There are 2 protein chains.
Amino acid sequence: MILRHLLLPEILELLRAGRLNELRDFLIHQPGPEIAELLTTLADHDRVLLFRLLPRHLADEVFSLLEPLFQNRLLEEMAQEEIHQVLTGLPPDDRTALFEELPARVTQRLLGLLSEHDRKRALTLLSYPDGSVGRLMTDRYVQARPEWSVAQALEHLRKTGIDSETMTMIYITDRRGRLTHELLLHRLLLADPAARVADLLEGHVVFLQSLQDQEEAIHLFQKYDLYALPVVDSDGILLGIVTVDDILDVAEEEATEDFHKLATVQPLHVSLKNATLGLLFRKRIGWLLGLVAFNLFTGMGIKLFDTTIAKMAVLVALLPLLIDSGGNAGAQTATLVVRAIATGEIRRGDWWPLFLKEVGVSLSIGLAMAAAAFILGWLLGTLQVASIVALSMVPIVVVGSLTGILLPMLLNRFHLDPATASVPLITSVADIFGVLIYFSIATAVLHT
Amino acid sequence: MILRHLLLPEILELLRAGRLNELRDFLIHQPGPEIAELLTTLADHDRVLLFRLLPRHLADEVFSLLEPLFQNRLLEEMAQEEIHQVLTGLPPDDRTALFEELPARVTQRLLGLLSEHDRKRALTLLSYPDGSVGRLMTDRYVQARPEWSVAQALEHLRKTGIDSETMTMIYITDRRGRLTHELLLHRLLLADPAARVADLLEGHVVFLQSLQDQEEAIHLFQKYDLYALPVVDSDGILLGIVTVDDILDVAEEEATEDFHKLATVQPLHVSLKNATLGLLFRKRIGWLLGLVAFNLFTGMGIKLFDTTIAKMAVLVALLPLLIDSGGNAGAQTATLVVRAIATGEIRRGDWWPLFLKEVGVSLSIGLAMAAAAFILGWLLGTLQVASIVALSMVPIVVVGSLTGILLPMLLNRFHLDPATASVPLITSVADIFGVLIYFSIATAVLHT
């Protein structure tokens, strides 16, 4: 909630009427994030017009707040010199995020517009693997040396720039650049200027490694309730920091990716609103087609039991119930397990007790479901059908649930994404088992 | 990653041997979050023993970092006076979180142990609705008045306590306590002590309202990349602040809840590892049983087409393919939409274009799936069967997908949780439509 709200029709009117000075006066009093949101609602041509009205510092802020998709669209409308300015104003971590999303040839061209220093920095950040902590680093932090006086450190701070909300911590490094301590900025500001920095230091320092997985960084931020964490390389050399605002974004993105994967949608990288029909088709069709193949086995399974089905046609009416129930129970288990792995709640050592508990839970669920299935079987068929359905329900629910825990466990074991154990995949596996269990039991009952 | 790691066997050995002084010396050099994690791995009795060894400030930190479940278990092992100390040391927002999770009678008893002032404060925070911003508030912030001098403000700050990483912002209120501005602490620290606070103020202030939904707070934090946001009541009076570490936790919890709901698991409120068999059963069985009832309609639908099935038994072998495909496509759509609503990516005005796009996407997917289904139909049956299956696939996928978008839309419209449009629910609805469409088309083809 902000104190004044932008009114889109007014803005468009000023823009159309060419009353650009008024518009500029209005905009410079608005918060950057509101302007960024406004830009995403405009047509490409209006967007660049409005963007050009912003004073430099506001333009930098607004650009850094835009999704890479819109950053790219803006860049496409800009002249070379403008692009150079915008890229220079972008914090290194946001620049990495932009380059990640652009086609390689565009990134190449943009890299050419940077200064030698900035290009090197960008290439370094881009060299970290996708999804690693290195990609989130920024060099907007202050470091100091233990042998400095407080006055020296403060002088260094003023030169490096202190007017930033993010700068609450100073990182202390030794002669070789290795991180040794962290120091609250406030403590430095309130200390005797003649004192040595070394005298203010105490305790431990928590840090990330540049090649660590971003998911681990999320867990560390959650565990320590911190605003920023320093990043070091394998020798302990301080490389940069990661701030919690980026972590909040990454946490949301990773959760979204897991949501989509669990429903067999490949990562979109743009918002649903901005995704084109073609993109959505491509991201959705792969697994759907793949799962059709599974149904060859389910179908062959059903054909095996031709004669049983011919003898007792009503069995077919209860087939969806049985295969759905196995799939649903499996979907519950898989979702619980995939999410618990993602939040770092369960680790390898927890598997065995978790598996045993799942055996118990699925047996209880299977029994309760069997009772309900018995009633449904009676309503749609005979007492014999009801017994077959109830008898089948227990093993089907147990097998579905155990598939739901074993599949993500196996994927995780082999360092694959556990979210690949998607709900539709579990459902398809449960189908095959369901058909075989159900009709086998029916055949056995019919022949006794 | 921390510089020194705790070794569980060593700690247990010291504990068993009663070498508590050594253990204490070791513990006081460890970071609070590591000790908190260690406590969760111990037996109840060891846990309270170890907790009692911690010096007061460390004990306060560690307790505030524990999950409410473990906080409760610790409290159960403690004497009245200890409980009083621990509760007093807990920040108000963490205290609210603990009271929320405890049974009402325990909360009542604990409230009785607080001072008059703290009890009032706790009751105020608990009076905010579940899931509202008010529940996350803390009063660990500094406020200042515009008419003060910088020196006065700094003096006030020192008294209120400045040595906190969270304190990067000072909130400025008018005579009636209404929030008017925010001021970076660094700016105050570097200003001329004789200047007036009013001279340092500029720009707008972003704030939350105490009754706002926590999900909206997440979006605002993401949009503004902030570390803390002030909270006001409906008159604009400053009530407290919310910090980003709590927001990161809430974001993860809300995502977890949505994951579980999409798979028809009711919110657990404890980690999967610590959930008992009984709890898991209760949270999972409800929807599973409810969905059994849906299968009455699916079953009755299938029975309607007895004669068609008798004439062409192979149709049954392809039934799972058709109902699964509708369900899978619907699951994709529902997941995309539910997640996009949760992240605030789509709002009411976006519904119509989104719906139209879904019609296009699902038609394309339906056609591609029809081709695959034709091949499968041919493999398992005849050319006629293949045609029936292919013909049925398009409307089934479209209806499944549109259910997947309409159901969360409707739920959202009536202010219900869109995640209730779970994957198994969509699957069950798709089943009914799938059966009717498939066998109707088959009957029509057979009679021509």
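The following exchange concerns a predicted model of two chains, A and B.

Visitor: What symmetry relation connects chain A and chain B?
Guide: Chain A can be superposed on chain B with an RMSD of 0.1 Å, through a turn of 180° and a shift of 0.1 Å along the axis. The relation is therefore that of a two-fold axis.

Visitor: Which residue of chain A comes closest to the rotation axis?
Guide: The distance is taken at the C-alpha atom, and its value is 3.0 Å. The residue of chain A that comes closest to the rotation axis is L248(A).

Visitor: How many residues of chain B are in contact with chain A, and do the copies meet through the same surface or through different ones?
Guide: Of the interface residues of chain A, 100% are also interface residues in chain B, so the copies meet through the same surface. On the side of chain A, 101 residues take part in the contact. The number in chain B is 102.

Visitor: Which helix gives the most to the side of chain A that touches chain B?
Guide: By class, that side of chain A has 62 nonpolar, 21 polar and 18 charged residues. The element that gives the most to it supplies 15 residues and spans residues 277-304 of chain A. This element is helix α16.

Visitor: How are helices α15 and α19 of chain A oriented, roughly parallel or roughly antiparallel?
Guide: Helix α15 covers residues 244-262 of chain A and helix α19 covers residues 319-342 of chain A. Their axes come within 11 Å and cross at roughly 155°. Angles over 145 degrees count as roughly antiparallel. The orientation of α15(A) to α19(A) is therefore roughly antiparallel.

Visitor: What is the handedness of the crossing of α15(A) and α19(A), and how do the residues of the contact divide by class?
Guide: The crossing of α15(A) and α19(A) is right-handed. Helix α15(A) contributes E254(A), D258(A) and L262(A), while α19(A) contributes T335(A), V338(A) and A342(A). By class, the residues of this contact are three nonpolar, one polar and two charged.

Visitor: Which strands are the edge strands of the open sheet in chain A?
Guide: The open sheet has three strands in the order β1-β2-β3 (chain A), with mixed pairing. From one strand to the next, the twist averages 35°. An edge strand pairs on one side only, and the edge strands of chain A are β1 (142-144) and β3 (179-184).

Visitor: Which residue of β2(A) is the bridge partner of A144(A)?
Guide: Strand β2 of chain A consists of residues 169-173 and runs parallel to β1(A), to which three bridges join it. In β2(A), the partner of A144(A) is I172(A).

Technical notes
Residues numbered from 1 in each chain as written. Chains lettered and ligands numbered in written order. Predicted model: local features only at pLDDT ≥ 70, side-chain atom pairs only at ≥ 80, totals over all residues. Least-squares fit on C-alpha atoms with pLDDT ≥ 70 in both. Contact = placed C-beta atoms within 7 Å. Axes fitted to C-alpha atoms, helices over the stretch in contact; angles between N-to-C directions. Helix = DSSP H or I, 4+ residues; strand = E, 2+ residues; numbered from the N terminus. Parallel < 35°, antiparallel > 145°, perpendicular 65-115°, else oblique. Left-handed = near helix turned anticlockwise from the far one by under 90°. Nonpolar A, V, L, I, M, F, W, Y, C, P; charged D, E, K, R; others polar. Pairing = 2+ DSSP bridges.
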